[in-house]
Amino acid sequence: MILENVTKPTPLTPLQSRLFNEYQVNVWIKRDDLNHPTVQGNKWHKLQNNLIQAKQLNKDTLITFGGAYSNHIAATAAAAKAAGFKSIGIIRGDELAGLPEKWSNTLKGASTNGMQFIFIDRQTYRKKDTSDYLNNLQQQHPNAFIIPEGGTNQHAILGFENLVDDLYQQCPDWTHVFSAVGTGGTLAGLIHFSQNKTKNRNQKTQKNIIGVPVLKQGEHLKSQINDLLDQVKIDSNSYNSNTVSWQLLTQYHDGGYAKQSPQGLNFQKKFEEQFGILLDPIYTSKMVYAFYDQLKSQKIVKGSNVILLHTGGLQGRKQTYN
Ligand SMILES: Cc1ncc(COP(=O)(O)O)c(C=O)c1O
């Protein structure tokens, strides 16, 4: 284990409410936001194996990509510091270059953790996944291990095994897991290991993994997630897609990435007050809202055991509410 200070397993906390009693469902929140003090939630799972790879290849620097408010940038800087790497963040948009006083709290925090920034214009940023761009970057930084935007690659997906293990141990009869979706890496990890695990069990309950894209036009993520699943699939016979299905609910973006309507904010505040658990406005709040809406629209049948996955992202609150 390369990142120390890990809480394992993170708590699966039951949520009690009259609404849930009325619809006769059991609801838990998986507090994965508590898994690490600085590399929180899904970021811990996504970075862990990437860091191991980087060490095995004797790299001394991590390079990754993101916007000025990216949780992934914040987490990569913190992970690099904790594991003894240098870090470079390639940031979308060159308007902040040379203006540190205008940086977001995310960038300021990452900089405090030692991350150097390269600000690039949006047109160049769009080339970040092309082999020309990446080869050139690698030549300029031969000792760097390059991690894609959002941290999503095969290593990241394979980092979700212990989380899925927790879910099966803490609530073997879960019927639904809700998770926020950005690039789809987290959902792919959940699907991959759930389908894999269910194979060897005498599984009777249908399990549904429900992804809630937080950006507009999230429909394209379906093929992206299928591609990611194909990349990590070992043997299709070892999967059980009959008892584990997955879907995306694309209608809960609430105006788009990093946008939140007054109703969305109100919902988040009420949830936080009722349960004493903080959410972030960009990801987890939209995911929890989606669950409530599905419940009230009677899409979740009586007797369901629902797990809401808290993927962290709480550093994003500072942007919005401080
Ligand atoms: C807090 C939080 N939850 C969920 C996600 C979505 O993860 P993914 O990009 O793997 O879909 C992100 C984005 O990386 C995130 O920061």
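**Exercise 1. The ligand shell**

Task: Determine which element gives the largest share of the shell around the ligand, and how many residues that share holds.

Solution. Helix H2 provides the largest share of the shell around the ligand, namely three residues. The structure under study is a predicted model. The next step is to list the elements that each supply at least two residues of this shell: they are H2, strand E7 (176-181) and helix H9 (185-199). The shell comprises 15 residues, of which Lys43, Lys46, Gly182, Thr183 and Thr311 come nearest to the ligand.

**Exercise 2. Polar atoms around the ligand, and its burial**

Task: State what distances separate ligand oxygen atoms from polar atoms of Asn42, Gly184 and Gly185, and how much of the ligand the protein buries.

Solution. Begin with the side chain: an N or O atom in the side chain of Asn42 is 3.1 Å from an oxygen atom of the ligand. Continue with the backbone. A polar backbone atom of Gly184 is 2.8 Å from a ligand oxygen atom, and for a backbone N or O atom of Gly185 the distance to an oxygen atom of the ligand is 3.3 Å. Turning to area, the ligand taken alone exposes 390 Å², and the protein buries 98% of that. As for the site itself, the largest pocket is the space taken by the ligand.

**Exercise 3. Two salt bridges across the chain**

Task: For the salt bridges Lys8 with Asp166 and Asp60 with Lys86, state which parts of the chain are linked and classify each partner as buried, partly exposed or exposed.

Solution. In the salt bridge between Lys8 and Asp166, the closest N and O atoms are 3.0 Å apart. This pair links distant parts of the chain, with Lys8 in the segment before strand E1 (12-14) and Asp166 in helix H8 (residues 161-170), 158 residues apart. Lys8 has a relative accessible area of 47% and is therefore partly exposed. Asp166 has a value of 6% and so is buried, since the cut-off for burial is under 20%.

In the salt bridge between Asp60 and Lys86, the closest N and O atoms are 3.8 Å apart. Here too distant parts of the chain are linked: Asp60 lies in the loop between helix H2 (42-56) and strand E3 (61-66), Lys86 lies in strand E4 (residues 86-92), and 26 residues separate them. Asp60, at 29% relative accessible area, is partly exposed. Lys86 is exposed because its relative accessible area of 52% is over 50%.

**Exercise 4. A salt-bridge network**

Task: Identify which residues are linked with Lys128 and Asp129 in a network of salt bridges, and decide whether Lys128 is buried or exposed.

Solution. Lys128 and Asp129 form a salt bridge whose closest N and O atoms are 3.5 Å apart. The network of salt bridges links these two residues with Arg92 and Glu149. Lys128 is buried, because its relative accessibility is 10%. Asp129, by contrast, has a relative accessible area of 54% and is therefore exposed. In total, the structure has 10 salt bridges.

**Exercise 5. The setting of His72**

Task: Establish where His72 lies and which residue its side chain contacts.

Solution. First, locate the residue: His72 belongs to helix H3 (residues 71-83). Second, assess its accessibility: His72 counts as buried because its value is 3%. Third, name the partner: the side chains of His72 and Thr64 make a polar contact at 2.7 Å.

Terms used: Residues are numbered from 1 along each chain as its sequence is written. This is a predicted model: local features need pLDDT of at least 70, side-chain atom pairs count only at pLDDT 80 or more; totals for chains, interfaces and linings use all residues. Side-chain values use heavy atoms; hydrogens and water are left out. A salt bridge is a side-chain nitrogen of Lys or Arg within 4 Å of a carboxyl oxygen of Asp or Glu. Helices (H or I, at least four residues) and strands (E, at least two) are DSSP runs, numbered from the N terminus. Buried means under 20% relative accessible area, exposed over 50%, partly exposed in between (1.4 Å probe, protein chains only). A residue is near a molecule or strand if one of its heavy atoms lies within 4 Å of it. A polar contact is a pair of N or O atoms within 3.5 Å; within protein, one must be able to donate a hydrogen and the other to accept it, and residues adjacent in sequence count only if both atoms are side-chain atoms. Accessible areas come from the Shrake-Rupley method with a 1.4 Å probe; for residues, only the protein chains shown count as cover. On a 1 Å grid over the protein atoms alone, a cavity is a set of points where a 1.4 Å probe fits but cannot get out, and a pocket is an open set with protein on both sides within 12 Å along at least five of seven lines; lining residues have an atom within 4 Å of a point. A molecule sits in a cavity or pocket if more than half of its atoms lie within 2 Å of its grid points.
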